[in-house]
Amino acid sequence: MIEPNGLLAFGGDLSVARLKSAYRSGVFPWYSAGEAIMWWSPDPRGIILTDQLRINRTLRKVLKQQNFTVTLNQAFDRVIHYCADAPFRKEDTWIVDDMLAAYQQMHDNGVAHSIEVWMDGELAGGLYGVAINGSFSGESMFYRKSNGSKIALVYLNALLKGQNIPLIDCQMLNPFLEDMGCIEVSRSQFMTLKAKALTVSLPPDFWLPRQLTEEP
């Protein structure tokens with residue numbers, strides 16, 4: 001039987017220590033309710049090179065209009081819950097209750113982070129992921145208003161690029177990410193880039209909650 005691409009192991013737990021060790025090694029959990037925890041490291045791997053993010057003409061116009069506010073780590077709980085319940089998702093969510101609790105704990109320990117996009121005072125989109133030094137692994141994103149998730153990704157990319165971080169780990173390619181410039185590389189290429197990102201030491205206040213005002 002051919003195993004699914006990148007499936008490495010079953011079981012274990014979702015403790016902060018285990019998750020940090022997994023992400024440092026390019027491994028992430030992904031499973032559905034009622035299943036054992038599954039650990040993955042797909043080959044090829046989807047990544048966005050921070051100097052090659054693709055912003056189309058329509059999105060660039062939206063960014064110039066500035067009819068939104070972007071914040072960092074100011075509504076992590078709401079972001080992850082919206083990601084779990086995103087109305088556009090056709091399949092069952094993998095962000096099950098145990099995952100919600102685990103990543104909230106990761107956030108409380110300064111390892112998981114969120115980008116929030118606000119329009120007319122409401123949360124319009126966002127994303128969350130895991131950061132270890134300069135290595136950022138995107139986990140999920142959502143939108144409630146048009147372009148909400150795209151704006152979040154643009155501002156995350158600008159934030160990381162400003163620290164000379166070479167990539168965003170997107171884990172697996174999909175049409176949305178491909179439109180934003182996501183490409184596939186081999187696992188060995190990914191691990192080489194990830195090793196470089198892991199050597200980047202970020203300023204102590206880098207992930208402190210704040211409004212993001214820098215132009216992408």
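What percentage of the contacts in the chain with a separation of 6 or more is accounted for by residues 24 or more positions apart? Keep this in mind as you open the model, which is predicted: the share is 73%.

Start with the whole chain selected and shown as a cartoon, where you can look for seven helices and 11 strands. The radius of gyration of the chain is 16 Å, close to the 17 Å that the globule rule gives for 216 residues, so the chain is as compact as a globular protein of that length. If you turn the view along the principal axes, the C-alpha atoms fill a box of roughly 50 × 35 × 35 Å.

Next, switch to a surface view, in which about 10600 Å² of the chain is exposed, with carbon and sulfur atoms supplying 50% of that area. Of the 216 residues, 52% are buried. Then colour the charged side chains, of which 20 are positive and 23 are negative, and note that the centres of these two sets lie 8 Å apart.

Now select Ile165, which you will find in the loop between helix 5 (148–161) and strand 9 (167–171). Ile165 has a relative accessible area of 1%, and because a residue counts as buried when that value is under 20%, Ile165 is buried.

With Ile165 still selected, add the residues that it touches beyond four places away in sequence, which are Thr50, Gly134, Leu160, Val200 and Leu202. Finally, select Leu198 as well, which is 33 residues from Ile165 along the chain, and check the distance between their C-alpha atoms, which is 9.0 Å.

Notes
Residues are numbered from 1 along each chain as its sequence is written. This is a predicted model: local features need pLDDT of at least 70, side-chain atom pairs count only at pLDDT 80 or more; totals for chains, interfaces and linings use all residues. Side-chain values use heavy atoms; hydrogens and water are left out. Helices (H or I, at least four residues) and strands (E, at least two) are DSSP runs, numbered from the N terminus. The radius of gyration is taken over C-alpha atoms; the globule rule is 2.2 Å times the number of residues to the power 0.38. Buried means under 20% relative accessible area, exposed over 50%, partly exposed in between (1.4 Å probe, protein chains only). Contact means heavy atoms within 4.5 Å. Accessible areas come from the Shrake-Rupley method with a 1.4 Å probe; for residues, only the protein chains shown count as cover. Lys and Arg count as positive and Asp and Glu as negative; His and the chain ends are not counted. The place of a charge is taken as NZ of Lys, CZ of Arg, CG of Asp or CD of Glu.
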